[in-house]
Amino acid sequence: MSLPSVHTPLGEKLAINLTVNGESQSVEVDPRRSLADVIREEIGLTGTHLGCEHGVCGACTILLDGEPSRACLMLAVQADGTEITTIEGLANPDGTLHPIQQGMYDAMSFQCAFCSPGFLMSTVALLRDNPTPTEAEIREELSGNLCRCTGYQSIIDGVETAVKLLGSATTEGGK
Amino acid sequence: MKNPPFHYHRPATLDEALALLAELGDEAKILAGGQSLLPVMALRLGRPEHVIDIGTIDSLKTINTDDGLTIGAMVRHAQAEKSPEVAANAPMVAAALPHVGHRAIRNRGTVVGSIAHADSAAEMPAVCLATDATMTIASTGGTREVAAADFFQGFFTTVIEPNEILTQVQFPAWSPTAGGTVVEISRRHGDYAMCGLAAMVDAPNGVIEKAALSFFAVASTAIRIPEAEAALVGQAPSQESFAEAARIVGETLEPDGDIHATADYRRHIATVLTRRGLAEAAAQIGVPA
């Protein structure tokens, strides 16, 4: 990605272009603002949650060009020209849940659910790259997301349920 | 915890970035992956007037194998982790990467950024020290090369001057008779270690010719224990020779205690990791120990 040089003095805003959940967005942002704040406050998608705001809790995890990234540990201006998927981009527009959302719902992976958007986005990338992970691999890949309610076991169960749902969806698609 | 305000610069080329630094000096910080700088700014541990974002400079995004393995300043951990060149030419770098942060952190953070940040508990500086890596540091006046042994000066402190950028790290060609690994103990996988070790043994014909024991999270920088390395040279890789090296490590290291681990506990796990790391390294070259 080659972008022209930019110099934005203190207090001025910079115009950036993002594709968020398939929709292109042009926003003017103060360079100090995090991508998470811009997603929430400028684009109005408040499903990306902010827990610690310094990269520890994982609640703000989004997909940046397909890869899980902490939206609180990025300036929005660093995301100029990228494609972003947030939790709002998972379910079908008709309201049908994404199989990973359904799997976690079925396994009661959510309690207060503050951390859930981050877990879901991390899981999307995990199951895309490794459709049948072992339990150890699930725990390793989700180790950057904190949950203070569930004790994690129900989340692991939810991912395993999602693996089955995704597997049967693939089989049906192949018929 | 919102970032403080700053002047934002996004140069398109390295020359442009260096010219900016020449003008701004210590008022500016380089932003690469941001996984260390942005928390530092959010927590107000640092408050640069100017941020120079090198994230779109394509010339810094390359991994090449012309001479050992060279990693540019904008190569993210994830890119290095997936690279067959890194696995083949710098196995200790490959061994360190899964320990660095978590998946989302590795997708943004850079290998060279971790080295420039110089956290004494981070893996990558210890690997640089263990492998005698060379840093290339650039300014408008030209470039200089600095050996890892001279590069790290203390907690979060390196020889990089305010007008300079660490543009790449070069790891020397890996010996085919060497094994190397990174082992650590942390509360949770992906957290900073309470103690960690980058260990290498090179044993052509079954005798150790060269060894490296580079510890992290036990001092103000990563440190090697030359006394223990010297005791390994000339020995066969074995449980006995590794135990002797571990004994020397335990006698030599003087770690500090903190809320994460006491000094005694750190020293103890350093000896355990010495045996474990050397055994893993030896196993890679077919020596069961």
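These exercises work through the contacts of chains A and B in a predicted model.

**Exercise 1. The interface in outline**

Find how many residues of each chain are in contact, and what area is buried between chain B and chain A.

*Solution.*
Step 1. Count the residues. On chain B, 38 residues are in contact with 35 residues of chain A.
Step 2. Take the area. About 3200 Å² is buried between the two chains. Carbon and sulfur atoms give 49% of that area.
Step 3. Look for the main contributors on chain B. B:Tyr8, B:Arg10 and B:Arg108 supply 22% of the area that chain B buries against chain A. That is more than any other three residues.

**Exercise 2. Polar and charged links between the chains**

Count the salt bridges and the residue pairs in polar contact between chain B and chain A. Then sort the chain B side by element and by class.

*Solution.*
Step 1. Count the salt bridges. There are four between chain B and chain A.
Step 2. Inspect one of them. The side chains of B:Arg10 and A:Asp80 meet at 3.4 Å, N to O. With the cut-off at 4 Å, this pair is a salt bridge.
Step 3. Count the polar contacts. Between chain B and chain A, 16 residue pairs qualify, both residues at pLDDT 80 or more.
Step 4. Assign elements. β1 (7-10), α1 (14-24), α2 (37-42) and α6 (103-108) of chain B each supply at least two residues of the side that touches chain A. The largest share, six residues, comes from α6(B).
Step 5. Sort by class. The side of chain B that touches chain A has 17 nonpolar, 10 polar and 11 charged residues.

**Exercise 3. Strands across the interface**

Which way do β1 of chain A and β1(B) run, and how many bridges join them? Name the partner of A:Thr8.

*Solution.*
Step 1. Strand β1 of chain A covers residues 6-8.
Step 2. Three bridges join this strand to β1(B), and the two run antiparallel.
Step 3. The bridge partner of A:Thr8 in β1(B) is B:Tyr8.

**Exercise 4. Following B:Arg103**

Trace the salt bridges of B:Arg103 to A:Glu141 and to B:Glu81.

*Solution.*
Step 1. Go to chain A. B:Arg103 forms a salt bridge with A:Glu141, with the closest N and O atoms 2.9 Å apart. B:Arg103 lies in helix α6 of chain B and A:Glu141 in helix α4 (residues 135-141) of chain A, so this pair joins two chains.
Step 2. Stay in chain B. B:Glu81 also forms a salt bridge with B:Arg103, the closest N and O atoms being 3.5 Å apart. This pair links distant parts of the chain: B:Glu81 sits in helix α3 (residues 77-82), 22 residues from B:Arg103 in α6.
Step 3. Check accessibility. B:Arg103 is partly exposed at 21%. B:Glu81 is partly exposed too, at 28%.
Step 4. Join the partners. Shared salt bridges put A:Glu141, B:Glu81, B:Arg103 and B:Arg106 into one network.

**Exercise 5. Placing A:Ile87**

Is A:Ile87 buried or exposed? List its contacts beyond four places in sequence.

*Solution.*
Step 1. Locate the residue. A:Ile87 lies in the loop between β6 and α2 (99-106) of chain A.
Step 2. Apply the cut-off. Buried means under 20% relative accessible area. A:Ile87 has 14%, so A:Ile87 counts as buried.
Step 3. List the contacts. Leaving aside neighbours within four places, A:Ile87 is in contact with A:Gly47, A:Thr48, A:Gln101, A:Pro117, A:Leu120 and A:Met121.

How values were computed: Residues are numbered from 1 along each chain as its sequence is written. Chains are lettered from A and ligands numbered from 1 in the order in which they are written. This is a predicted model: local features need pLDDT of at least 70, side-chain atom pairs count only at pLDDT 80 or more; totals for chains, interfaces and linings use all residues. Side-chain values use heavy atoms; hydrogens and water are left out. Contact means heavy atoms within 4.5 Å. Buried area is the accessible area (1.4 Å probe) that two parts lose on being put together, summed over both. A polar contact is a pair of N or O atoms within 3.5 Å; within protein, one must be able to donate a hydrogen and the other to accept it, and residues adjacent in sequence count only if both atoms are side-chain atoms. Helices (H or I, at least four residues) and strands (E, at least two) are DSSP runs, numbered from the N terminus. Ala, Val, Leu, Ile, Met, Phe, Trp, Tyr, Cys and Pro count as nonpolar, Asp, Glu, Lys and Arg as charged, and the others, Gly among them, as polar. Two strands pair if DSSP finds at least two bridges between them. Buried means under 20% relative accessible area, exposed over 50%, partly exposed in between (1.4 Å probe, protein chains only).
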